[in-house]
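Welcome! Please take a moment to look over the sequence and the model shown here, and then we can walk through some of the details together.

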Amino acid sequence: MNKIVTLNEFIIQTQKSLPYATGELSGLLRDIGLASKIISREVNKAGLVDIIGQAGEENASGESVQKLDVMADNMLISCLKNSGECCGIASEENTTYVPIDTKISKNAKYIVLFDPLDGSSNIDVNVSIGTIFAIYRRKTRGGSCSLEDFLQSGAEQVAAGYVVYGSSTMLVYTTGQKGVNGFTLDPSIGEFCLSHPNIRINEVGKTFSVNLGNYRQFGDDVKAFVDYCMTSAFTFRYIGSMVADVHRTLIKGGIFFYPATQKAPKGKLRLLYECNPMAFLIEQAGGKASDGTNRILDLEATELHQRVPVFLGSTDLVEKLEAIVAEHKTAKTKVES
Ligand code: AHG
Ligand code: MN
Ligand code: MN
């Protein structure tokens, strides 16, 4: 039987291998792991208690909030507060950022952005949902954090990851140093155990993943790409939870995309706590993440809940999409000139 490597052991091993690592980041990752175990427990019994259903509120993106979203948000905030390594958080469920000004946290050097529960619309039908997180070094020097600590480009992330609450609960993360590693929760011992070391995405993808219900709302360039994929060479899969669709893309290869639509002209997915962390993971696994023209991780962050179009996954398919977008742009410029 192979030796079990728990998330905490892996984090310590990684920290030892990084000369400048001082342990604060390790503490943060441990706290996120703890919050994820508690959220997993609540998600797994959601059908049994009166926790399902609308909490009757709306989040900053104007979407109805499910009670599990609120529980997950509160759980992550309280675990991050206890660590003393995080001086502030921003999340989908909070209109603005939340400074953590306790004595032990006020001068901490990291901030965390997260989507506490992604794929909320799937909660009531028992389809995989998840948590997405991104960790940055603060830019301001000490004292209460400020908005500029959160409006950093994705390329500045020091760590990013997700937890997928599916047939099993898995935590997948990267610090940009040792690739992308996946840990499966063993409920019998309450530990995340290394199950997917050094995940690499297939260079060539054969699965495309998009909400085809929006096909008529796509631009001609995206329609042309979908038409390219609609051949027998490809398989179509779409779950409707970003975490689940991206996890499948990471493990099996392919492309996941949420383009701009007439209803969502800037796309639906949020740059800071959905697209950036997923783009960091996909790139670290050897793939590509783009808004159709630009690298996601280079996009300027202008507001906490800004939305961007996103195309991510196997490099060959993302580059095929980018080529079609560029061709359409050139053709349009020629017609206009
Ligand atoms: P959230 O539940 O955090 O608001 O995210 C939902 C997102 C994402 O998980 C998924 O990719 C997308 O919504 C699905 O949108 P459609 O239902 O419009 O396809
Ligand atoms: Mn989400
Ligand atoms: Mn969410």
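Does Asp118 count as buried or exposed, going by its relative accessibility? At 5% relative accessibility, Asp118 counts as buried. Please keep in mind throughout that this is a predicted model.

## Two manganese ions

A good place to begin is the manganese ion (ligand 2). Asp118 coordinates this ion through an OD atom, together with Asp115 (OD) and Glu274 (OE), at 1.9 to 2.1 Å. Along the sequence, the spacing of these donor residues is D-x2-D-x155-E.

The manganese ion (ligand 3) has its own set of donors: Glu92 (OE), Asp115 (OD) and Leu117 (O), at 2.0 to 2.2 Å. Their spacing in sequence reads E-x22-D-x1-L. Two of these donors, Glu92 and Asp115, link distant parts of the chain, being 23 residues apart. Glu92 sits in the loop between strand 3 (86-91) and strand 4 (98-99), while Asp115 belongs to strand 5 (residues 110-118).

You may have noticed that Asp115 appears in both donor sets. Asp115 bridges the manganese ion (ligand 3) and the manganese ion (ligand 2), and the two ions lie 3.7 Å apart. With 0% relative accessibility, Asp115 counts as buried. Glu92 has 5% relative accessibility, so it counts as buried too.

## Salt bridges beside the metals

Next come the charged side chains. Side chains of opposite charge can pair when their charged atoms come close. How many salt bridges does a search of the whole structure find? The search finds nine.

One of them joins Glu92 and Arg270, with the closest N and O atoms 3.2 Å apart. The two partners are 178 residues apart and link distant parts of the chain: Glu92 is in the loop between strand 3 and strand 4, and Arg270 is in the loop between strand 13 (255-258) and helix 7 (271-284). Arg270 also forms a salt bridge with Glu274, where the closest N and O atoms are 2.8 Å apart. Glu92, Arg270 and Glu274 are thus linked in a network of salt bridges. Glu92 and Arg270 are both buried, and Glu274 is buried as well. Two members of this network are also metal donors: Glu92 for the manganese ion (ligand 3) and Glu274 for the manganese ion (ligand 2).

## A salt bridge with partly exposed partners

Lys288 and Glu319 form another salt bridge, their closest N and O atoms being 3.2 Å apart. Lys288 lies in strand 14 (residues 288-290) and Glu319 in helix 8 (residues 315-336), so this pair ties together parts that are 31 residues apart in sequence. Lys288 counts as partly exposed, at 25% relative accessibility. Glu319 is also partly exposed, at 39%.

## Around ligand 1

Which residues come nearest to ligand 1? There are 18 residues around ligand 1, and Asp118, Gly119, Ser120, Tyr238 and Tyr258 come nearest.

Some familiar names return among the polar contacts. A polar side-chain atom of Glu92 is 3.0 Å from an oxygen atom of ligand 1, and one from Arg270 lies 3.2 Å from an oxygen atom of ligand 1. Gly119 takes part through its backbone: a polar backbone atom there is 2.8 Å from an oxygen atom of ligand 1.

## One face of helix 1

Now turn to helix 1 (residues 7-17). Its buried residues are Leu7, Phe10, Ile11 and Thr14. Viewed down the axis of helix 1, these buried residues fall within an arc of 100 degrees, so they line one face of the helix. They pack against helix 2 (24-44), strand 8 (169-174), strand 9 (181-186) and strand 10 (191-196).

## Two asparagines with positive phi

Finally, a look at the backbone. Most residues other than glycine have a negative phi. Asn126 has a positive phi of about 60 degrees although it is not a glycine. Asn126 is found in the loop between strand 5 and strand 6 (129-137). With a relative accessible area of 74%, Asn126 is exposed.

Asn198 likewise has a positive phi, near 45 degrees. Its place is in the loop between strand 10 and strand 11 (207-209). Asn198 is partly exposed, with a relative accessible area of 44%.

Notes. Residues numbered from 1 in each chain as written. Chains lettered and ligands numbered in written order. Predicted model: local features only at pLDDT ≥ 70, side-chain atom pairs only at ≥ 80, totals over all residues. Heavy atoms only, no water. Donors = N, O, S within 2.8 Å, 3.2 Å for Na, K, Ca; no water. Helix = DSSP H or I, 4+ residues; strand = E, 2+ residues; numbered from the N terminus. Buried < 20%, exposed > 50% of the residue type's maximum accessible area, 1.4 Å probe, protein only. Arc of directions from axis to C-beta. Contact = heavy atoms within 4.5 Å. Salt bridge = Lys/Arg side-chain N within 4 Å of Asp/Glu carboxyl O. Near = heavy atom within 4 Å. Polar contact = N/O pair within 3.5 Å; in protein donor to acceptor, adjacent residues only side chain to side chain.
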